[in-house]
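Reader: I would like a close look at a single part of this protein, with its surroundings described carefully. Please begin with whatever helps me place that part in the whole.

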Amino acid sequence: MFGVLFEQAADGQRYIDWLLSGLGWTLALAFFGWWIAFGIGVIVGVGRTVQNRFYSIPARLYVEIFRNIPVLVQMFLWYFVFPEVVPSALGDAIKQIPPPWASFFPALLCLGLYTASRIAEQVRAGIEALPRGQIEAAGALGLSGYLTYRYVIVPQALRLIVPSLTSEVMGIYKNTSVALTIGLMELTAQARQISEATFQTFSAFGAATIIYLCLALVAYQAMTLIDKAVRIPGSAPVKLTDEDLATEVQQGGALPGAMEAVK
């Protein structure tokens, strides 16, 4: 079924080389975009929780704007509109960037800023999930607001939101496919090019689907390992076995309240 991928293309390469080239651009876009998103997302997420409106209002505006505009529209704005609204000297310099970098940098900026708005909400939720006593205890020790967030609040919040960040890591890999609309030959664009050259649509997109699935599984496993490594002791959900439940029933002399009601 995938034999067509090992055939020689018109440029002398094999079609599988096209896919590997697209995979390289996909990985680069997702990797660097993630670190941009994580850095900005943490800063904006913290800004969403502070009392100072000088920080909280711009942080909220950022989230509302970038999270509620479709990523495809943002991709077009960065690629087509941004060079036209900046000063002409800067706009001309942007237009003269040679391909594929002319498509890579707008796509990187788009994915980084869009994903940052989603990470910011995860960070905000993690901070608000912490007990209020954490801030009060830090204040009692004489820590300033900045030091409280740096050494007490943010480290704990980031450890709490690792499971929810997993979906964002996997999502940025999938969102890289939108970059094909501005000419970046990433994985999906290469699969479409193979399909048009060979008319083997199932083989081309089937191979791309398997690669995306493998990327998602690797990202999931990596985030699971990170979660286990940084998990706050005692925060893991308790799973009762049948033996534990039987022991509790014997010791308590009755079924738990919820089960008693059902009985």
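**A close look at one helix**

Author: Cysteine 214 has a relative accessibility of 41%, so this residue counts as partly exposed. Cysteine 110, by comparison, is at 0% relative accessibility and therefore counts as buried, and the count of disulfides in this predicted model comes to zero.

To place the part that deserves the close look, it helps to begin with the whole chain. The protein is built from twelve helices and has zero strands, and 38% of its 263 residues count as buried. Among the contacts with a separation of 6 or more, 74% are between residues that lie 24 or more positions apart. The surface that the protein exposes comes to about 15400 Å², and carbon and sulfur atoms supply 65% of that area.

The part I would single out is helix H3, which runs over residues 71–85. With 15 residues at 1.5 Å a residue, H3 should span 21 Å, and because its end C-alpha atoms lie 20 Å apart, the expected span and the model agree. There is nevertheless a bend of about 40 degrees in H3, located at tryptophan 78. Trp78 also belongs to the buried residues of the helix, which are, besides this tryptophan, Val71, Gln74, Met75 and Pro83. The cover over these buried residues includes helix H2 (53–68), helix H4 (88–95) and helix H5 (101–129).

One of these covering helices, H4, is also tied to H3 through charged side chains. Side chains of opposite charge can pair when their charged atoms come close. Lysine 95 and glutamate 84 form a salt bridge, with a distance of 2.8 Å from N to O; the pair links distant parts of the chain, since lysine 95 lies in H4 and glutamate 84 in H3, eleven residues apart. Glutamate 84 has a relative accessible area of 53%, so this residue is exposed, whereas lysine 95, at 46% relative accessibility, counts as partly exposed.

Helix H5, which also helps to cover H3, holds a salt bridge of its own. Arginine 124 pairs there with glutamate 128, the closest N and O atoms being 3.1 Å apart, and both residues lie in H5, four residues apart, about one turn of the helix. This pair is part of a network of salt bridges that links Arg48, Arg67, Glu121, Arg124 and Glu128. In total, the structure holds eight salt bridges.

Methods: Residues are numbered from 1 along each chain as its sequence is written. This is a predicted model: local features need pLDDT of at least 70, side-chain atom pairs count only at pLDDT 80 or more; totals for chains, interfaces and linings use all residues. Side-chain values use heavy atoms; hydrogens and water are left out. Helices (H or I, at least four residues) and strands (E, at least two) are DSSP runs, numbered from the N terminus. Buried means under 20% relative accessible area, exposed over 50%, partly exposed in between (1.4 Å probe, protein chains only). Contact means heavy atoms within 4.5 Å. Accessible areas come from the Shrake-Rupley method with a 1.4 Å probe; for residues, only the protein chains shown count as cover. A disulfide is a pair of cysteine sulfur atoms within 2.5 Å. The expected span of a helix is 1.5 Å times one less than its number of residues. The bend at a residue is the angle between axes fitted to the seven residues ending there and the seven starting there. A salt bridge is a side-chain nitrogen of Lys or Arg within 4 Å of a carboxyl oxygen of Asp or Glu.
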